[in-house]
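Trainee: Could you take me closely through the interior of this protein, beginning with its enclosed space? I would value one connected account.

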Amino acid sequence: MTTYDNTLNADGALIVGAGLAGLFCALKLAPRPVTVISPKPLGFGASSAWAQGGVAAAIGAGDSSHAHAIDTEIAGAGIVDEAVAESVTAEAKARIEDLARWGTPFDRNAAGEFQLGREAAHSKNRIVRVEGDRAGYAIMQAMIARVRETPSIRVVEGLTVVDLARADGRIIGVFARKLGDRYGEPVFIRARATILAAGGLGGLYAVTTNPPGVRGHAMGMAARAGAVIGDPEFVQFHPTAIATGADPAPLATEALRGEGAILVNDLGERFMPPIHPDAELAPRDIVARANFRQIKSGRKVFLDTRKALGARILTAFPTVAKYCADAGIDPVNGMIPVTPAAHYHMGGVKVDETGRTSLPGLWVCGEASCTGLHGANRLASNSLLEAIVYGARIAADISGLEPVRANMAPFPGIAWDQKEGEAAEEQLRNLDAVQDLRHVMTDLVGVERNADELKDALRRIAHLERTGRGVTRAFLNMTSSATLVAAGALKREESRGGHFRTDFPDTSETWAHHTEMTLDEALALRASLSGG
Ligand SMILES: Cc1cc2nc3c(=O)[nH]c(=O)nc-3n(C[C@H](O)[C@H](O)[C@H](O)COP(=O)(O)OP(=O)(O)OC[C@H]3O[C@@H](n4cnc5c(N)ncnc54)[C@H](O)[C@@H]3O)c2cc1C
């Protein structure tokens with residue numbers, strides 16, 4: 001057995017990441033012992049808490065999980081795994097009931113039924129919501145309260161995982177550091193089952209809606225350990241992040257357009273109707289590209305909610321109203337400046353229907369995974385659904401491995417320290433190499449791509465890896481993810497869903513399939529470019 005100086009024992013399963021995927025999996029595992037690692041206090045640092053729309057579930061009258069699956073497949077532009085879409089949508093109702101049973105205060109009508117909202121590309125009203133646009137926050141608050149009172153769940157706040165530990169071809173735990181301790185000896189945490197639920201990679205981009213810590217660490221560390229990655233090239237750009245220059249960019253939810261808000265440029269022209277019959281409610285990638293092209297041609301883009309919502313925006317969309325107020329924008333009498341921003345990663349660590357990866361001992365759920373549900377483009381509000389469905393499936397898959405034991409003692413000497421944590425985060429945020437990497441991704445691997453820019457991106461990522469000041473394992477996780485996205489985008493010589501190549505603008509039948517790639521393959525492609 002491998003031994004390390006600085007070792008802790010998870011006494012059971014270990015979950016890396018405390019967004020909805022991680023917390024839901026932990027709750028489903030109870031009363032089996034599990035340790036959950038979160039770099040920040042629960043509720044902070046996770047995209048889940050920022051979700052505004054809600055969770056998609058075909059639970060309304062006249063709706064069916066099959067209809068939901070079909071909408072998912074259409075949005076996914078020809079490469080959604082049909083069996084996955086059918087099974088995930090069929091499980092939605094049961095998982096929403098779990099969320100409700102565990103205390104989520106979903107919006108309901110007078111008869112006590114779920115009040116269902118509508119989002120783009122859904123053929124029915126099927127988004128369960130909380131207080132308009134506060135779904136993510138409310139769901140997370142309910143799950144956190146439940147986790148805190150579950151004695152079989154040990155929560156460790158203030159640790160960041162930098163590597164997976166591998167022995168004899170199996171993942172046996174992780175290496176973790178205190179947030180901000182970039183060079184110290186990491187602690188090895190041994191686990192019988194390791195579940196990676198550390199989110200997506202929006203923060204690899206300079207313009208993103210994701211929290212600062214969600215920067216491709218999960219996919220990067222799994223890829224460095226040898227895991228097969230699925231569909232890395234497919235990144236979803238949200239068309240309407242609020243353009244205030246803030247990092248991350250706050251989101252103006254798609255539900256605003258669902259309520260009739262329109263997009264106009266600074267000449268007052270409404271530009272979506274000539275582009276798509278559904279105008280502002282066209283698929284996300286089409287609206288994002290339209291906004292991108294307006295901005296590239298020197299125009300500014302605004303979301304005009306005045307006629308559709310008027311003063312109702314203040315009560316119906318309190319989160320957006322607050323973001324506007326913070327930025328000095330008055331959405332009742334004026335318009336909201338918007339820009340496309342990296343929002344969601346359809347690709348990730350490839351998993352089967354139980355969340356197992358190509359590496360024994362490693363399961364992945366949530367945005368870090370690639371299940372085949374989203375294909376080339378995620379249908380709105382399907383990601384929280386995927387997080388809870390696979391969180392539950394993983395718990396069921398590993399339950400047999402774990403003894404039932406009720407109480408987990410805290411790890412000695414590890415606790416979140418607010419001052420230290422915030423200082424460390426600020427320091428990480430400002431690292432030159434990280435900022436350079438994020439600009440490479442936004443400028444060269446963004447909404448529109450072409451071979452020359454993608455090759456340039458790969459060379460620059462290689463250069464940053466070689467020369468970046470303060471290159472650490474955490475940074476290598478980021479550059480590994482960035483390399484996979486750019487390499488996948490370079491290889492896919494067509495346009496489909498979230499991936500648009502100006503040099504291959506058409507969709508090609510020969511590419512109507514998923515991408516599978518290892519980091520070694522992506523690095524070989526990178527090395528084959530002169531100067532790479
Ligand atoms: C602004 C916004 C609005 C959205 N709205 C919706 C919506 O309405 N409906 C919908 O379905 N989806 C929505 N999404 C997408 C959805 O929120 C995410 O896909 C989903 O929450 C991902 O959940 P997760 O648990 O996988 O990851 P996250 O919730 O991002 O959690 C990741 C966790 O991993 C931790 N972590 C990261 N790196 C490490 C590391 N190295 N070591 C240890 N821990 C680490 C993070 O701190 C965090 O705790 C939205 C996303 C954003 C950003």
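Mentor: By class, the lining of the largest cavity comprises seven nonpolar, two polar and three charged residues, where Ala, Val, Leu, Ile, Met, Phe, Trp, Tyr, Cys and Pro count as nonpolar, Asp, Glu, Lys and Arg as charged, and the others, Gly among them, as polar. The model is predicted: local features need pLDDT of at least 70, side-chain atom pairs count only at pLDDT 80 or more, and totals for chains, interfaces and linings use all residues. Residues are numbered from 1 along each chain as its sequence is written, and side-chain values use heavy atoms, with hydrogens and water left out.

Among the lining residues are Gln236, Glu254, Arg284, Asn377 and Arg378. A cavity is a set of points on a 1 Å grid over the protein atoms alone where a 1.4 Å probe fits but cannot get out, and lining residues have an atom within 4 Å of a point. The volume of the largest cavity is about 90 Å³, taken as the space filled by probe spheres set on the points, which are joined across faces, edges and corners. The whole structure holds five cavities of 30 Å³ or more.

Turning to the packed interior, the largest nonpolar core has 66 residues; such a core is a set of buried (under 20% relative accessible area, 1.4 Å probe, protein chains only) Ala, Val, Leu, Ile, Met, Phe, Trp, Tyr and Cys residues joined through side-chain atoms within 4.5 Å. Helix α15 (residues 473-491) gives the most to this core, with nine residues. A second, separate core of 57 residues includes Ala51 and Ile195.

Notes:
1 Å grid on protein atoms, 1.4 Å probe; cavity = no way out; pocket = protein on both sides within 12 Å on 5 of 7 lines; lining within 4 Å. Buried < 20%, exposed > 50% of the residue type's maximum accessible area, 1.4 Å probe, protein only. Helix = DSSP H or I, 4+ residues; strand = E, 2+ residues; numbered from the N terminus.
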